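Welcome to this short tour! Keep your viewer open and get ready to select a few side chains as we go.

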Amino acid sequence: MRRFLADVLGRIPDAWLARAEAASGFVCKHFFTGFLWGAGFAAGALAVLLFTLVAARAETIPANALRHRAELTRCGRYAFGLEAPVATLAAQVHQESRWRENAVSPVGARGLAQFMPSTSKWIAGLVPELAANDPFNPGWALRALATYDKWLWDRVTARDGCQRMGMALSGYNGGLGWVRRDKALAGRNGADGLVWFGQVERYNAGRNAAAWKENRGYPRRILGTLEPLYIRAGWGQGVCHVTAAQ
């Protein structure tokens, strides 16, 4: 057999064999190139699909939220008046507890509004209607959240409602004292102390890196990502976005 093949190949001109070798190399090269492009495209498409699924999951309003919508609207109007930013408050509850009444965080924050025990005790002594100090009670928690937001809102100054709520939410997450120190530091560095986003939020008056990062992400997620979600779902107006009906 080997002798037969050698005899056959010996009868083929060298030029033909050279062309066959070149053609074979061309086919192999383009086959593997095509394979690599296909694999890369498939990996990219899979990554996009996974990202889309994760984003869709993160931006879905929990079914449990509807049970508390009327109560949140009532509590929001009690604190802010008839023009209460209910969509903003709903976005905040979403961020705090994802509407789980019995939620307890690793550091001990409790209920829908995720009040720490010290904050819960403080506001219970501040507002007679909240004297029960019952953070696992949805009605108490939603009223406490709206009341605390308004308390912070009244103590910060800003260029407009959106910037003001950015500062109030930063205070809810990390304390009003830090907001004031950050504003003062921003002013000393030539930034606009009346603007939260892109101005005051860039300055850290002394918090550790982890706490500062969490605090800066808190207003951005609530006002930039979750507030539009609740507006589109018909929960009313927010402070940074117009209502779906407008």
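## A tour of the salt bridges

Start by selecting Arg159 and Asp192: in this predicted model, their side chains meet in a salt bridge, with 2.7 Å from N to O. Now zoom out and follow the chain, since this pair links distant parts of it. Arg159 sits in the loop between helix H6 (138–153) and helix H7 (161–174), while Asp192 belongs to the loop between helix H8 (176–188) and helix H9 (209–232), 33 residues apart. Turn on the surface around Asp192, and you will find a partly exposed residue, at 24% relative accessibility.

Next, select Arg220 and Glu201. Their closest N and O atoms are 2.5 Å apart, in another salt bridge. This pair also links distant parts of the chain: Arg220 is in helix H9 and Glu201 is in the loop between H8 and H9, 19 residues apart. Is Glu201 buried or exposed? Glu201 counts as buried, because its relative accessibility of 9% is under the 20% cut-off. Arg220, with a relative accessible area of 45%, is partly exposed.

For a pair within one helix, go to helix H3 (residues 69–80) and pick Glu71 and Arg74. They are three residues apart, about one turn of the helix, and form a salt bridge whose closest N and O atoms are 2.6 Å apart. Both are partly exposed: Glu71 has a relative accessible area of 25%, and Arg74 has 46%.

For the last stop, select Asp182, Arg207 and Arg216 together; a network of salt bridges links them. How many salt bridges does the structure hold? The count is seven.

How values were computed
Residues numbered from 1 in each chain as written. Predicted model: local features only at pLDDT ≥ 70, side-chain atom pairs only at ≥ 80, totals over all residues. Heavy atoms only, no water. Salt bridge = Lys/Arg side-chain N within 4 Å of Asp/Glu carboxyl O. Helix = DSSP H or I, 4+ residues; strand = E, 2+ residues; numbered from the N terminus. Buried < 20%, exposed > 50% of the residue type's maximum accessible area, 1.4 Å probe, protein only.
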